[in-house]
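Colleague: Could you take me through the salt bridges in this model, with a close look at where the paired side chains sit and what surrounds them? I would like one connected account rather than a list.

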Amino acid sequence: MFELPTALLLARVQFAFTVSFHFLFPAITIGLASYLAVLEGLWLRTGRSEYMDLFKYWVKIFALVFAMGVVSGIVMSYQFGTNWAVFSDRAGPVIGPLMAYEVLTAFFLEAGFLGVMLFGMHRVGKKLHFLATLMVALGTFFSAFWILSVNSWMQTPSGFAINTAGQFIPNGSWLEIIFNPSFPYRLAHTVSAAYLTTAFIVGSIGAFHLLKNSGNPRARIMFSMAMWMAAIVAPLQIIIGDMHGLNTLEHQPAKVMAMEGHFQSHKDGAPLILFGIPNSALNRVDYAIEIPKASSLILKHDLHAPLAGLDTVPLENRPPVGIVFWSFRIMVGLGFLMAGLGLLSLYARYRGRLYVSRPLLRFAVAMGPSGLIAVLAGWVTTEVGRQPWTVYGLMRTAESASPLAAPAVAASLAAFVVIYFLVFGAGVLYIIKLLSKALVSHEPELPDLPVRTAGITPAPAIAHTSTHIPS
């Protein structure tokens, strides 16, 4: 018989829905703010108008995405008081000051310099405007720093005590709370993911315009810079992810067991399950395709190292294996595709065909949303893998919710779904429309070269400089 969802389940779905929307916007703005700073810095150094053309092209996108991120973030903060009041009361003495630090650093920097960055090009000096762009980029990083510190503390709590009212309170140095055991790894992994997300969006738009005209110098700059990021950062991200996984194994072993699909313990080397269908009812992975002992090699660097399975974890403390198992594989699979595109771009660059290889350009266009999908999959892996805890090992999700009736939560959830798809859907469509427009040209473009003769952009067309600021 069909059972109506509980208030707890609806509150979790609502938070998952709103945070999924919100998480996409910072994933873009963190990387895009730094990209804008690099473009403006290159323009100041070289005087080439192409860099300023690209700055003005992308700053509009940044402004829209930043605004949508702010609005969606405000909605999330209200949910802590409405749907998760018990959690807010008990964890507030620790996470409240950290959130305040984000406002005092990130928000003040962004709010103070964003207007100068967006509208001050002709009102302040070049160096002051560049400083404003740098401060906005620094503000986005500070925002990620503090938010990830809060999230990491919930994953690996440290530096706290519990008072008689059941509240988590600071105990000793705040540095122990801020730099909790998983924070450095999570910060590096998430910020790198944000840079890759931006790189693949920029690269896909550059590739889109190159497919129309392979001689477009602005599209060439966009694509070249994005492919350098893919070639360098994507392999680095795989290494960072491996280090993060080892840290997770140490502090949250049940999450790694779910990621790997290890229902059973393995005394002499655990297999790496590539694909399969987790079956929690029978504690096994059906139709598993696996590499013997490879999981022990990755996680312990020893083929014969024993690995514990979910059979060592009480049933009520296990995360939902199916969701974590597949979200982890989506994230990792896209990560290897990103690294593959980066390596292919290096080969095409070496052959002098970076801008004219249509298979490579089509691959780059298809990979445009890959960063967004990967960060969502990573978030699902991290947050669902933490269940059934909000503060890992100390406070359950079921204990954290407000005493609300299910119809009240269902009504707000329905309202969020309708409003989000209308408002943010319209915003995304407008962004896509802006990105599909041709790049503004202030320099003579190269001819659309035939594939058989095209190569690296001829020096005379690229080396031309100008101190003109395009209007």
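Modeller: Across the whole structure, which is a predicted model, a search finds 5 salt bridges, and I will go through three pairs among them, beginning with those at helix 2. As general background, side chains of opposite charge can pair when their charged atoms come close.

In one of these pairs, the side chains of Asp53 and Arg218 meet with 2.6 Å from N to O. Asp53 belongs to helix 2, whereas Arg218 belongs to helix 7, which spans residues 217-251, so this salt bridge ties together parts that are 165 residues apart in sequence. Both partners are shielded: Asp53 has a relative accessible area of 7% and is therefore buried, since the cut-off for that word is under 20%, and Arg218 is buried with a relative accessible area of 0%.

Another pair joins the side chains of Glu50 and Arg48, with an N to O distance of 3.4 Å, and here too Glu50 and Arg48 are each buried.

The setting of helix 2 is worth describing with care. The axis of helix 2 (residues 49-82) comes within 7 Å of the axis of helix 1 (residues 7-46), and the two cross at roughly 155 degrees. Because an angle over 145 degrees counts as roughly antiparallel, that term applies to helix 1 and helix 2, and their crossing is left-handed. The residues that make up the contact of helix 1 with helix 2 divide into 25 nonpolar, 10 polar and 1 charged. Within helix 1 you will find Ile28, which counts as buried at 13% relative accessibility; the C-alpha atoms of Ile28 and Ile201 are 8.7 Å apart in space, although these two residues are 173 residues apart in sequence.

The third pair takes us to strand 4, where the side chains of Asp286 and Arg284 form a salt bridge at 2.7 Å, N to O. In this pair Asp286 is buried, with a relative accessible area of 16%, while Arg284 counts as partly exposed at 44% relative accessibility.

Strand 4 covers residues 284-291 and pairs with strand 3, residues 272-279, in the antiparallel sense over 6 bridges. Along that pairing, Ile273 stands opposite Glu290, and Phe275 stands opposite Ile289. The two strands form a hairpin with 4 residues between them, and Asn283, in the turn, has a positive phi of about 55 degrees.

Backbone geometry in this region deserves a second look, given that most residues other than glycine have a negative phi, and most peptide bonds are trans. Tyr287, in strand 4, has a positive phi near 55 degrees, and the residue is exposed, with a relative accessible area of 71%. Lys293 sits in the loop between strand 4 and helix 9, where its phi is also positive, near 65 degrees, and Lys293 is partly exposed at a relative accessible area of 24%. Elsewhere in the chain, the peptide bond from Gln387 to Pro388 is cis, with omega near 15 degrees, and Pro388 lies in the loop between helix 12 (370-386) and strand 5 (389-391).

To return to your request, the pair of Asp53 and Arg218 links helix 2 with helix 7, whereas the pair of Asp286 and Arg284 combines a buried acid with a partly exposed arginine.

Note on methods
Residues numbered from 1 in each chain as written. Predicted model: local features only at pLDDT ≥ 70, side-chain atom pairs only at ≥ 80, totals over all residues. Heavy atoms only, no water. Axes fitted to C-alpha atoms, helices over the stretch in contact; angles between N-to-C directions. Parallel < 35°, antiparallel > 145°, perpendicular 65-115°, else oblique. Left-handed = near helix turned anticlockwise from the far one by under 90°. Nonpolar A, V, L, I, M, F, W, Y, C, P; charged D, E, K, R; others polar. Pairing = 2+ DSSP bridges. Salt bridge = Lys/Arg side-chain N within 4 Å of Asp/Glu carboxyl O. Buried < 20%, exposed > 50% of the residue type's maximum accessible area, 1.4 Å probe, protein only.
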